[in-house]
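Got your viewer open and a selection box ready? Load the model below and we'll walk through it stop by stop.

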Amino acid sequence: MRQNADQGWRGAVWLTVQWFSRFGETDIPKQYLPLNGKSILRHTIEKFQNIEAIKSIQVIIDPDHQTLYDEASEGLEIGTQIIGSTTR
C-alpha cells in the first residue's frame, strides 16, 4: 500500500462486519480480540493514524458490534463509523 504522498492515499476504510470462522471458536469477532492490552482493530487504527498521507479513517461495523466498536475506538480521532450489514 505504499504510494507517493503527492499521488496520495487520503483515507483508509476497514470492513469489520464479517466473522472469521478460520480464526477459531470465539464469541468475539477477531478484530475486537485483545492483543497486548488493546483490540486488534485499535492497533490497526493507531498504526494508520501515524501515516501522514492518510487524512481520514472510516470503519464499517456490524450493527450488533456497536459496543465492541465503541470500546475499541474510545478516544481515537476517526470518522463516524458506518453501519454495515452482518456480512459483506
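## First stop: Ser73

Start by selecting Ser73: with a relative accessibility of 10%, Ser73 counts as buried, because the cut-off for that label is under 20%. Keep in mind as you click around that this is a predicted model. Switch on the cartoon and you'll find Ser73 in helix H2. Now show its surroundings, leaving out residues up to four places away in sequence: Ser73 touches Arg42 and Ile78. Both partners come back further along the tour.

**Zoom out to the whole chain.** Color by secondary structure and you get two helices and five strands. Reading from the N terminus, the order is β-β-β-α-β-α-β. The protein chain has 88 residues, and 28% of them are buried. If you like contact maps, filter for pairs at least 6 apart in sequence: 54% of those contacts join residues at least 24 apart. Turn on the surface too; the accessible area comes to about 6,200 Å², with 48% of it belonging to carbon and sulfur atoms.

**Select the core.** Pick Tyr32, Leu41, Ile45, Ile54, Ile57, Val59, Ile61, Tyr69, Ala72, Leu76 and Ile78, and show them as spheres: these 11 residues form the largest nonpolar core. Which elements supply at least two residues each? They are helix H1 (40-49), strand S4 (56-61) and helix H2 (66-73). The biggest giver is S4, with three residues. Ile78, which you met as a contact of Ser73, is one of the core residues.

**Look down helix H1.** Next, select Leu41, Arg42 and Ile45, which are buried in H1. Which side of the helix do they take? They sit on the same side of H1, because they cover an arc of only 95° around the axis. Arg42 in this trio is also the residue that Ser73 touches, while Leu41 and Ile45 belong to the core you just selected.

**Last stop: Ser85.** Go to the segment after strand S5 (82-83), where you'll find Ser85. Is this serine buried or partly exposed? Ser85 counts as partly exposed, because its relative accessibility is 38%. To finish, put a distance label between the C-alpha atoms of Ser85 and Asp62: the two residues are 23 apart along the chain, and the label should read 5.6 Å.

Notes
Residues are numbered from 1 along each chain as its sequence is written. This is a predicted model: local features need pLDDT of at least 70, side-chain atom pairs count only at pLDDT 80 or more; totals for chains, interfaces and linings use all residues. Side-chain values use heavy atoms; hydrogens and water are left out. Helices (H or I, at least four residues) and strands (E, at least two) are DSSP runs, numbered from the N terminus. Buried means under 20% relative accessible area, exposed over 50%, partly exposed in between (1.4 Å probe, protein chains only). Contact means heavy atoms within 4.5 Å. Accessible areas come from the Shrake-Rupley method with a 1.4 Å probe; for residues, only the protein chains shown count as cover. A nonpolar core is a set of buried Ala, Val, Leu, Ile, Met, Phe, Trp, Tyr and Cys residues joined through side-chain atoms within 4.5 Å. The arc is that of the directions from the helix axis to the C-beta atoms.
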